[in-house]
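Let's take a walk through a protein together. Keep the picture open and follow along.

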Amino acid sequence: MCGIVGIRDAGGVSFSLYFALYALQHRGQESAGISTFDGTRFHLHKGKGLVAEIFNSEILNGLEGTVGIGHVRYPVKGANRPENIQPFNFVYRDHIISIANNGNLVNDRELREEYECQGQIFLTTTDTELIAKVITEELSNSGCVEDAVHRCMRLLRGSFSVVMMIDGVLYGFRDPLGIKPMCIGKTGQGVVIASESVAIDALGGTLLRDVNPGELVCIDENGMRTMQIAVAERKAHCIFEYIYFARADAVIDGALVYDVRRTIGAKLSEESPVQADSVCPVPDSGTAYAIGYSQQSKIPFVESLMKNRYMGRTFIMPSQKEREMAVRIKLNPIRDHLKDKSVVLVDDSIVRGTTSRRIIGIIRDAGAKEVHVRVGSPAIRAPCYLGVDVPTREELIATERDEEEVRKRIIASSLHHISLDALVEAIGIPRKDLCMGCLTGCYPVDIPGEESQFSRVDFLTGTYQTKLERYEEKDSVPCEKDSEGWI
Ligand code: AMP
């Protein structure tokens with residue numbers, strides 16, 4: 001997880017980057033940073049905490065330039081240390097490179113070791129620094145950014161959605177399977193690359209399209225060029241983005257997340273109808289699902305849990321005890337809505353089961369006589385190696401338990417998880433193009449000790465010999481330019 005953004009705008013970028021990161025705050029709350037280029041120098045500011053805590057107008061005024069990148073971090077790999085806060089700026093020969101990434105590599109150890117055997121050192125424990133090394137290594141050979149990205153796509157195994165700036169040219173690229181989201185948008189006189197379309201919305205811009213898996217996008221003063229660097233026989237969009245991670249108002253790989261969740265809610269009602277007085281969401285992640293359930297079942301949608309909006313996600317609390325306490329502070333029951341009532345409680349997922357058990361306890365304590373739990377994802381049975389913070393098999397409530405055993409543990413009157421078929425249908429993307437590792441234990445990349453479904457990746461040939469032709473004619477997507485030369 002993590003959120004990334006890159007913007008080129010003749011009117012300046014620091015405030016736009018700030019607002020875009022604000023819109024992507026749900027993707028990471030540990031730290032954030034912005035790097036800009038003013039034509040001669042880079043400006044960088046980053047810190048721990050939320051976007052609103054790290055930046056103010058004085059800082060943003062100091063981040064001069066017409067091109068920049070930004071990052072919000074949710075640590076999956078790499079300790080919570082100041083040196084791991086992105087973007088990273090590197091000086092390479094006469095070039096200044098700024099880079100930020102959302103994803104998780106599974107062959108990082110091997111790659112790191114190879115570099116270390118050559119005597120190279122690392123300043124951080126992040127994948128992003130490793131990606132920068134791969135890039136500069138290839139730049140030292142060919143001097144060409146497309147070749148460097150080509151090399152990344154060949155060498156890196158796992159998920160990566162990268163924004164990068166080299167001497168004021170903005171680049172974005174996405175791994176050949178398109179595991180993590182990345183899209184392109186247009187604002188008044190600028191171009192935006194971002195993890196989710198909500199960042200483009202926040203700037204009053206228009207979503208143009210998703211960055212294709214294996215594609216490189218390059219934005220400079222002439223406009224935008226795109227190059228397809230690698231083509232895989234399948235895609236592997238993260239299913240958890242739709243279930244939980246992305247904002248409901250985001251459009252990811254063509255699907256509006258809110259409608260996906262609402263459709264899942266309706267399908268939950270078809271798969272597992274129940275007689276009840278009300279449908280109550282676990283706010284906020286269960287809301288769209290609950291609306292779908294209510295619309296389909298005709299059982300009234302009644303909010304019966306109020307969320308304290310000034311609290312962060314409970315998952316982020318370091319220990320189990322703190323997580324359990326946090327749920328109580330976070331959610332307060334509306335007793336009048338619950339007393340002697342039979343309630344359908346709808347949430348997006350059950351991971352460890354702590355939250356569900358606590359919430360059901362709160363609802364029962366408030367007087368509900370039955371709590372029927374409906375869940376917008378199938379049981380989560382396996383860890384994620386590709387960037388979502390899903391814990392080990394031992395911590396997952398559903399690893400060794402069937403639905404009835406989970407029901408007993410969370411003390412629900414009944415429990416139903418959406419079926420995988422219904423989930424895939426609601427997303428509207430073919431099953432083969434989704435990563436469902438956390439649900440099936442089968443991953444789209446090779447992970448030692450785990451089952452994987454290998455996918456062939458073709459790298460466009462002739463890159464080295466016919467770079468100019470490939471760049472200008474064959475693979476670039478011509479963009480319509482307006483009077484100022486922008487797409
Ligand atoms: P629990 O079952 O106690 O582990 O908590 C599950 C709840 O946490 C779900 O209902 C989601 O709303 C939320 N959640 C699920 N996965 C994550 C994640 N990777 N990071 C943060 N929150 C999550």
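Here's a bit of vocabulary for when two helices cross: call the crossing left-handed if the near helix is turned anticlockwise from the far one by less than a right angle, and right-handed if it is turned clockwise. One more thing before we start: what you see is a predicted model.

Now find helix α9, residues 257-271, and helix α15, residues 420-427. Which way do they cross? α9 passes α15 in a right-handed crossing. The two helices pack at an angle of about 145°, and their axes are 9 Å apart. So who is doing the touching? On the α9 side, look for V260, T263, I264, K267 and E271. From α15 come A422, L423, E425, A426 and I427. Sort the residues of this contact by character and you get six nonpolar, one polar and three charged.

Next, move over to the ligand. There are 16 residues around the ligand, and D347, D348, R352, G353 and T355 come nearest. Which helices help to build this shell? Both α8 (239-245) and α13 (354-365) supply at least two residues each. As for the mix, the shell has seven nonpolar, five polar and four charged residues.

Zoom in on the ligand's oxygen atoms and you can pick out some polar partners. S285 has a polar side-chain atom 3.2 Å from a ligand oxygen. With S349, the partner is a polar backbone atom, and the distance to an oxygen of the ligand is 2.9 Å. T354 also uses its backbone: an N or O atom there lies 3.1 Å from a ligand oxygen. How much of the ligand does the protein bury? On its own, the ligand would expose 500 Å², and the protein buries 95% of that.

Let's finish with a few spots where the backbone does something out of the ordinary. As a rule, most peptide bonds are trans, and most residues other than glycine have a negative phi. Against that background, check the bond joining Q86 and P87: it is cis, with omega about 5°. You'll find P87 in the loop between β4 (67-73) and β5 (88-92). Another cis bond runs from P283 to D284, where omega is near -10°. D284 sits in the loop between β18 (278-281) and α10 (287-297). Last stop: C2, in the segment before β1 (3-9). C2 isn't a glycine, yet its phi is positive, near 130°.

Conventions. Residues are numbered from 1 along each chain as its sequence is written. This is a predicted model: local features need pLDDT of at least 70, side-chain atom pairs count only at pLDDT 80 or more; totals for chains, interfaces and linings use all residues. Side-chain values use heavy atoms; hydrogens and water are left out. A residue is near a molecule or strand if one of its heavy atoms lies within 4 Å of it. A polar contact is a pair of N or O atoms within 3.5 Å; within protein, one must be able to donate a hydrogen and the other to accept it, and residues adjacent in sequence count only if both atoms are side-chain atoms. Accessible areas come from the Shrake-Rupley method with a 1.4 Å probe; for residues, only the protein chains shown count as cover. Helices (H or I, at least four residues) and strands (E, at least two) are DSSP runs, numbered from the N terminus. Ala, Val, Leu, Ile, Met, Phe, Trp, Tyr, Cys and Pro count as nonpolar, Asp, Glu, Lys and Arg as charged, and the others, Gly among them, as polar. Axes are lines fitted to C-alpha atoms, for helices over the stretch in contact, and angles run from 0 to 180 degrees between N-to-C directions. Contact means heavy atoms within 4.5 Å.
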